[in-house]
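Please take a moment with the sequence and the structure shown here before reading on. The paragraphs that follow start from one residue and widen out to the chain as a whole.

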Amino acid sequence: FAYITSFYLSPNSDNLYLSTLNHGVYYGNKDSFQSIKGTENKTFIRDISVTGGHEPLLMMLTNHHLICREYNDSVSLKGYNKLLKVNDTLFYALPEFGLVKYVVNKDGIRERGRFMIYVSIRKHLLSKGTLYIWALI
């Protein structure tokens with residue numbers, strides 16, 4: 001197998017998603033995993049998230065882009081470390097300092113706000129559509 005960069009456990013199924021440094025994204029459960037078609041050429045994936053909708057969307061955060069595979073869209077992001085899914089269309093991307101709000105739909109990925117927090121975000125919790133942040137001041 002390859003170097004694993006992040007895990008995502010789907011809350012709506014038993015599937016575990018694994019992103020790799022140089023071999024794309026895999027999904028499966030227990031001992032059976034398979035590659036997600038169209039991700040094989042994606043490298044330096046930092047984080048992933050999968051929506052729970054009827055047709056799930058795979059969001060990938062790489063060293064340089066936020067990518068929505070199903071809508072074949074991406075936005076340039078450099079220096080971002082984490083991707084947080086609030087619901088099936090709302091995501092936050094975390095740079096070193098602050099938050100950036102993105103909405104994803106059939107029109108693609110759209111930025112909907114920047115929240116500059118001049119502290120380093122250390123922990124987060126998503127609960128019922130609300131994002132809670134613990135930061136180092």
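**A walk through the strands**

Asp47 lies in strand 5, and in this predicted model that residue makes a useful starting point. With a relative accessible area of 3%, Asp47 counts as buried, because buried means under 20%. Leaving aside its neighbours within four places in sequence, Asp47 is in contact with Ser6, Met59, Met60, Leu61, Asn81, Lys82 and Leu83. Two of these contacts can be described in further detail, one to a backbone atom and one to a side chain. The backbone nitrogen of Leu83 lies 2.9 Å from a polar atom of the Asp47 side chain, while the side chains of Asp47 and Lys82 meet in a salt bridge, with 3.3 Å from N to O. This pair links distant parts of the chain, since Lys82 belongs to strand 9 and Asp47 to strand 5 (residues 45–50), with their positions 35 residues apart in the count. Is Lys82 buried or exposed, or something in between? At 31% relative accessibility, Lys82 counts as partly exposed, whereas its partner Asp47 is buried.

The bridge between Lys82 and Asp47 belongs to a set of four salt bridges in the structure. In general, side chains of opposite charge can pair when their charged atoms come close. Another bridge joins the side chains of Arg110 and Asp73, at 3.7 Å from N to O. Here too the pair links distant parts of the chain, with Arg110 in strand 12 (residues 108–127) and Asp73 in strand 8 (residues 73–76), 37 residues apart. Arg110 is partly exposed, having a relative accessible area of 35%. A further bridge is formed by the side chains of Glu111 and Arg114, at 3.0 Å from N to O. Glu111 is partly exposed at 36% relative accessible area, and Arg114 is partly exposed at 46%.

From the charged pairs we can turn to the nonpolar interior. The largest nonpolar core has 15 residues, and those with the most contacts inside it are Met59, Leu66, Leu77, Tyr102, Val104 and Ile109. Which elements give two or more residues to this core? They are strand 6 (58–62), strand 7 (65–68), strand 9 (80–85), strand 10 (90–95) and strand 11 (97–105), and of these strand 11 gives the most, with three residues. Apart from this core lies another, of ten residues, which include Val25, Ile45, Ile48 and Val50. Leu66, one of the residues with the most contacts inside the largest core, touches Met59, Met60, Asp73, Ser74, Val75, Leu77, Leu83, Tyr102 and Ile109, when residues up to four places away in sequence are not counted. Asp73, which is among the residues touched by Leu66, is also the residue whose side chain meets that of Arg110 in a salt bridge.

Nonpolar side chains are found on the outside as well. Leu125, Tyr132 and Trp134 form a nonpolar patch on the surface, and together they have about 330 Å² of accessible area. Trp134 lies in strand 13 (residues 130–136) and, at 46% relative accessibility, counts as partly exposed.

Two loops deserve a careful look at their backbone angles. As a rule, most residues other than glycine have a negative phi. Phe44, although it is not a glycine, has a positive phi of about 55°; its place is in the loop between strand 4 (32–35) and strand 5, and at 42% relative accessibility Phe44 counts as partly exposed. Asn72, again not a glycine, has a positive phi of about 50° and is found in the loop between strand 7 and strand 8. With a relative accessible area of 72%, Asn72 is exposed, because exposed means over 50%.

Finally, the chain can be viewed as a whole. How many helices and strands does the chain have? It has zero helices and 13 strands, so that reading along the sequence gives the pattern β-β-β-β-β-β-β-β-β-β-β-β-β. Of the 137 residues of the chain, 39% count as buried. Among contacts with a separation of 6 or more, residues 24 or more positions apart account for 25%. The chain exposes about 8300 Å², of which carbon and sulfur atoms supply 50%.

Conventions
Residues are numbered from 1 along each chain as its sequence is written. This is a predicted model: local features need pLDDT of at least 70, side-chain atom pairs count only at pLDDT 80 or more; totals for chains, interfaces and linings use all residues. Side-chain values use heavy atoms; hydrogens and water are left out. A nonpolar core is a set of buried Ala, Val, Leu, Ile, Met, Phe, Trp, Tyr and Cys residues joined through side-chain atoms within 4.5 Å. Buried means under 20% relative accessible area, exposed over 50%, partly exposed in between (1.4 Å probe, protein chains only). Helices (H or I, at least four residues) and strands (E, at least two) are DSSP runs, numbered from the N terminus. Contact means heavy atoms within 4.5 Å. Patches are made of residues with over 30% relative accessible area and no salt bridge: like charges are joined within 9 Å, nonpolar side chains (Val, Leu, Ile, Met, Phe, Trp, Tyr) within 5 Å. Accessible areas come from the Shrake-Rupley method with a 1.4 Å probe; for residues, only the protein chains shown count as cover. A polar contact is a pair of N or O atoms within 3.5 Å; within protein, one must be able to donate a hydrogen and the other to accept it, and residues adjacent in sequence count only if both atoms are side-chain atoms.
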